[in-house]
Structure formats: structure tokens, C-alpha cells
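User: Could you take a close look at one part of this protein for me and walk me through how it sits among everything else? I'd like the buried side of one helix, then the packing and the empty spaces.

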Amino acid sequence: MSEFKETFNSSLGKKLIMALTGLFLCTFLIVHVGGNALLFKNDDGYAFNMYANFLTHFPPIEVIAYILYAFILVHALYALILTVKNRKSRPVGYAVKASDNASWSSKNMGLLGSILFLFIVIHMGDFWYHYKFTNAVQFKEYRTDLSSGVTQSVEFVPKSADFEHSISTENNIEIVRVKDLHLRVAASFANPVYDIFYVIAMVAVSFHLLHGFQSAFRTLGWTHRKYTPIVEFIGTWFFAVIIPIAFALMPIVYYFKK
């Protein structure tokens, strides 16, 4: 047990924790961008609000969510520890071996990570915290004709302050009442200052993942002449290009649709 503790207290152990938590957060980004893509549906927020309701009321997902929050904190904490330590010795990224020809992103992981951590705090405060713990989010009622599939929506005001959500059927009409997170998203993205900060954060995500995803595999020793080019391709085009662009499009589209 002492050897295990000693290993993870070493510089290599900290880098291993950074790599593992970082790869877990990468999987979260895939799920998150897929769920947020529902914002582009022209359904008055129905699909997105149902997605948000599912995430916050399905116990297994809630457990995973709190594990995610813990991983974000651990990843940020160990990044800070390694950055401070490396400043006192020599610049070292995720990988065990440093290079004099290191990329800009690898040399500025601390800066990129700080921007992302600030963004996450603001983003979660604006959406997750308000959705879960305040009455600042309004409700919406969706009425779907089960024979035609047509859905209409109206604002809904619950009679009880404890009301969370409900699904019922009356005369072949499905009635869904949920918190209208979509409305809050639209309101936030109507703010140009927030949108600019959001896009800057996505640029930071791009450069952070451009170095971090590939370096995590090198730190874990998962390198192979046949598979490393695939990892580099995925890290570059999927995580550093496609995912950040998909996220950045949301505030841009909503701003011009307002």
C-alpha cells in the first residue's frame, strides 16, 4: 500500500493521474457535445430540455456526474501541482520526456488549463447550479398529439415550489412539464460578451486537447508505430477541431438567431 501511495505521489504518478482523468474528461466531451447538439433542433427546446431532465433525474447518471466533477477538480489540482513543480525545475508536459521543439500548446498547458477551469466554473454556475439549486429557471409544458406526432409548447407555472417534472397522458395527448433550460441557454447566448468568452474557451479546448490527448497516451506508455498515428489523427481532427467547433457554433448560431 505504501509503494502504491509512493508511486502516485511521485512526478510520474501525478502525470499518470493527469492522463487518466484527462482521457475520462475526453469521453465526457463526446457525450456532452452530442447532447448539446440537440440545441440545433427546431423544436422549441423539447429534445434538449428532455435531455437535461434525464441527466439530472436519472440516479446512475447523477453518480457519474459527481465523479466527473471530482475528476475535473483532481485534473486541475494535479495540473497546478505539476506546473508549479516544473517551473522550479524544467518545463515538462504530460509525457515523461520533454522536447526542445515542443509545440506552443505543450508549453502553455497551464495557461490553457486556467482558462478552461475559469470557463467551467462560470458555465456550471450559469447552467447546472441554477438548474439544480435555484428557482431561476422557468418551466415549459409540451403537449404532443400521439396520433400526429405534433408537439406544441406553452409556459408552465407549477403550483408547488417542489415541482420538478411530470409526464402524463390525457385524451391521446402526452403532456410533459420540465424546467426550461433551453430558455436560459438562449438568454445566455444572446449576450455577446458571454459568447466571445465561450468561443475563446473553445479555442483553449482545442489547443489543450491538441497536446493533452496524444500526451496522455504517451504518458501511459500506450504507443505503437501502427496505432500512434491513429491516436494523433483522432486527437488532432476529432478532439482539437471537430468538438471545439461544434461547441463554438452554439453561441454563434444562437446569437444571430436571437
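Analyst: Start with the residues of H3 that are tucked away: Ala 47, Phe 48, Asn 49, Tyr 51, Ala 52, Asn 53 and Thr 56 are its buried ones. Keep in mind that this is a predicted model. The helix itself runs over residues 46-57, so to speak 12 residues in all. From first C-alpha to last, H3 reaches 16 Å, close to the 16 Å expected at 1.5 Å a residue.

What sits over those buried residues? The cover includes four helices by name, H2 (11-36), H4 (59-88), H6 (109-133) and H7 (181-188), along with strands S1 (139-145) and S4 (173-179).

Now for the packing. In soluble globular proteins, nonpolar side chains tend to be buried together. Here the largest nonpolar core has 37 residues, and the ones with the most contacts inside it are Leu 181, Val 185, Phe 189, Tyr 198, Met 202, Phe 213 and Phe 247. H3 is one of the elements that each supply at least two residues of this core, and the others are H2, H6, H7, H8 and H9. H8 gives the most, with 10 residues.

Phe 189 is worth a look by itself. Setting aside its neighbours within four places in sequence, Phe 189 is in contact with Tyr 194, Asp 195, Tyr 198, Met 250, Pro 251, Tyr 254 and Tyr 255. There's also a second, separate core of five residues, with Leu 25, Leu 68, Tyr 69 and Ile 72 among them.

On to the empty spaces. Rolling a probe the size of a water molecule over the atoms shows where empty space is left. Counting cavities of 30 Å³ or more gives one, and the largest cavity holds about 50 Å³ of space. Its lining is made up of Gln 214, Phe 217, Arg 218, Trp 222, Thr 223, Thr 228, Val 231 and Glu 232. Helices H8 (192-219) and H9 (228-257) are the elements that give two or more residues to that lining. By character, the lining of the largest cavity splits into three nonpolar, three polar and two charged residues.

Then there's the second largest pocket, with about 190 Å³ of space. It is lined by 13 residues, and Thr 134, Asn 135, Phe 139, Ala 161 and Phe 163 lie nearest its centre. The lining of this pocket divides into six nonpolar, four polar and three charged residues.

How values were computed: Residues are numbered from 1 along each chain as its sequence is written. This is a predicted model: local features need pLDDT of at least 70, side-chain atom pairs count only at pLDDT 80 or more; totals for chains, interfaces and linings use all residues. Side-chain values use heavy atoms; hydrogens and water are left out. On a 1 Å grid over the protein atoms alone, a cavity is a set of points where a 1.4 Å probe fits but cannot get out, and a pocket is an open set with protein on both sides within 12 Å along at least five of seven lines; lining residues have an atom within 4 Å of a point. Grid points are joined across faces, edges and corners, and a volume is the space filled by probe spheres set on the points. Ala, Val, Leu, Ile, Met, Phe, Trp, Tyr, Cys and Pro count as nonpolar, Asp, Glu, Lys and Arg as charged, and the others, Gly among them, as polar. The expected span of a helix is 1.5 Å times one less than its number of residues. Buried means under 20% relative accessible area, exposed over 50%, partly exposed in between (1.4 Å probe, protein chains only). Contact means heavy atoms within 4.5 Å. A nonpolar core is a set of buried Ala, Val, Leu, Ile, Met, Phe, Trp, Tyr and Cys residues joined through side-chain atoms within 4.5 Å.
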